[in-house]
Amino acid sequence: MHAPLTRRAALALIAGTTLAAAAPRPDNAELFDRVWDEVDRRYWDRDRLGESWNTAYERYRPQAIAATDEAALYRILAAMLATVGDSHVYIRTPAAVRRDADADAGADSAQFGLSAWPTAGVWRVLSVRADGPAAAAGVRPGWLIDTVDGRPVDDDWHPRAGQSARFAFRDLTDRPRTLTLTSTLLPPEPPRRATRLPGDILLLAFDVFAGGEDRWIEDEIAADPPAALILDLRENEGGEALAVARVAGTLFDRKRTLLRRVARGKTLDVPTVGAGRRSYTGPLAVLVGPRSASGAEILAALVQDSDRGPVIGGTTAGAVTGAAQTKLPDGGELWVAVFDIRSAADVRLEGRGLVPAIPVTQSLADLRAGRDPVLARAQSLLAADNPA
């Protein structure tokens with residue numbers, strides 16, 4: 001249940017690194033055939049692939065052979081994989097793999113210092129780092145990005161350290177603002193964040209299920225047991241299935257079914273892991289939104305379906321299948337969904353997402369003013385359940 005490409009694409013404008021030398025490139029036809037064969041052999045539903053997958057081979061192979069560089073080849077491969085219509089069938093370029101390896105190692109990355117997300121075909125700035133070039137230039141959350149260097153936003157493009165780009169923004173009054181930003185090396189932001197809120201509410205947010213999140217949650221709670229807990233999964237892209245199961249185990253006092261795996265006619269129930277005496281059983285709320293993906297969606301569904309606590313926010317990404325990785329000979333990565341995932345209630349979330357029981361959205365006015373109505377609603381509900 002690895003994270004889909006969704007979130008990494010959304011952050012493409014803020015991350016980039018000085019790249020190491022690339023691995024020798026294989027022949028275009030060889031790489032194309034390897035990618036097509038892997039999907040044909042491993043995809044969880046052979047009937048779903050059907051004849052259209054053979055048609056994709058005939059359509060895209062000549063284009064791949066004619067590609068003149070790595071970027072063009074990977075665009076063609078990505079277009080072919082998109083015909084499968086599965087969030088967890090995708091490809092990553094060698095450059096993207098190297099960038100993520102540097103980021104995971106804690107290396108500084110070249111950034112403009114802004115995070116953007118596409119909504120209805122429009123890229124909107126969601127946050128601006130105080131220590132980055134965008135903040136220094138006066139960019140604010142809520143601004144729109146029309147073009148970069150005169151072209152539509154390309155979520156595969158990353159700056160080099162010291163590279164400049166001309167951004168065509170629209171500010172909070174919808175006035176055009178053209179700014180040239182120069183990327184600078186910035187340290188990665190923490191993937192886990194703990195905040196103590198008024199009313200003795202502990203807010204825990206983390207961006208990926210990479211392993212160790214369960215121990216972090218237990219330690220944060222044990223250090224100063226809160227009156228209530230809010231788990232913020234709005235920026236969580238998913239991750240490893242076992243890590244999701246372990247986090248789920250910290251929230252329930254007994255083992256439960258976390259999800260159902262379906263692959264080629266076989267179904268397997270996957271339980272939570274580690275439920276027991278250290279599990280938190282107090283008041284809980286979970287926050288989700290359109291950037292909550294994969295494992296984050298499954299965990300939120302379990303909380304909602306079991307009435308463990310309110311799930312609040314916006315409909316999730318609908319990116320819920322389970323993928324396996326194949327390392328490609330040029331250093332790229334192919335991810336193929338090898339099983340389908342259903343919630344514990346046997347609901348398929350792929351392509352539709354989880355609709356929270358308490359829908360709350362952040363309006364443009366909220367974003368401009370720095371208000372977070374989703375978090376505010378959770379605080380209000382938990383305070384009502386736990387009057388002082």
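Let's start with I221 in this predicted model: setting aside neighbours within four places in sequence, I221 is in contact with L202, P226, L229 and Y280. You will find I221 in helix 7. Is I221 buried or exposed? Its relative accessible area is 12%, and buried means under 20%, so I221 counts as buried. To get a feeling for distances, look for V336 as well: I221 and V336 lie 115 residues apart in sequence, and their C-alpha atoms are 37 Å apart in space.

Now turn to the largest nonpolar core, which has 37 residues. Which of its residues touch the most other members? They are L231, V286 and L299. Several elements supply at least two residues each to this core, among them strand 10 (201-206), helix 7 (213-223), strand 11 (228-232) and helix 8 (241-249). Strand 12 (257-263), strand 14 (284-288), helix 9 (295-305) and strand 17 (333-343) do so too. Helix 9 gives the most, with seven residues.

Zoom in on L231 and you can see who surrounds it. Not counting residues up to four places away in sequence, L231 touches L204, F206, I217, L251, A285, V286, L287 and L299. Apart from the largest core lies another one, made of 28 residues, including V39, Y43, Y60 and V336.

Next, follow helix 2, which covers residues 28-42. At its start, a side-chain oxygen of D27 comes to within 2.9 Å of the backbone nitrogen of A29. How far should helix 2 span? Its 15 residues, at 1.5 Å a residue, should span 21 Å, and the C-alpha atoms at its ends are indeed 21 Å apart, so the two values agree.

Which residues of helix 2 are buried? They are N28, A29, L31, F32, V35, W36, E38 and V39. A general point helps in reading such a list: an α-helix has 3.6 residues a turn, so residues three or four places apart point the same way. The buried residues of helix 2 pack against helix 3 (46-66), helix 4 (70-82), strand 1 (90-92), strand 16 (321-327) and strand 17.

Finally, compare the directions of helix 2 and helix 3. Their axes are 10 Å apart and they pack at an angle of about 175°. Angles over 145 degrees count as roughly antiparallel, and helix 2 and helix 3 are therefore roughly antiparallel to each other. On the helix 2 side, the contact is made by N28, A29, F32, D33, W36, V39, D40 and R41. Helix 3 contributes residues including R46, L49, W53, Y57, Y60 and I65.

Notes:
Residues are numbered from 1 along each chain as its sequence is written. This is a predicted model: local features need pLDDT of at least 70, side-chain atom pairs count only at pLDDT 80 or more; totals for chains, interfaces and linings use all residues. Side-chain values use heavy atoms; hydrogens and water are left out. A nonpolar core is a set of buried Ala, Val, Leu, Ile, Met, Phe, Trp, Tyr and Cys residues joined through side-chain atoms within 4.5 Å. Buried means under 20% relative accessible area, exposed over 50%, partly exposed in between (1.4 Å probe, protein chains only). Helices (H or I, at least four residues) and strands (E, at least two) are DSSP runs, numbered from the N terminus. Contact means heavy atoms within 4.5 Å. The expected span of a helix is 1.5 Å times one less than its number of residues. A polar contact is a pair of N or O atoms within 3.5 Å; within protein, one must be able to donate a hydrogen and the other to accept it, and residues adjacent in sequence count only if both atoms are side-chain atoms. Axes are lines fitted to C-alpha atoms, for helices over the stretch in contact, and angles run from 0 to 180 degrees between N-to-C directions. Angles under 35 degrees count as roughly parallel, over 145 as roughly antiparallel, 65 to 115 as roughly perpendicular and the rest as oblique.
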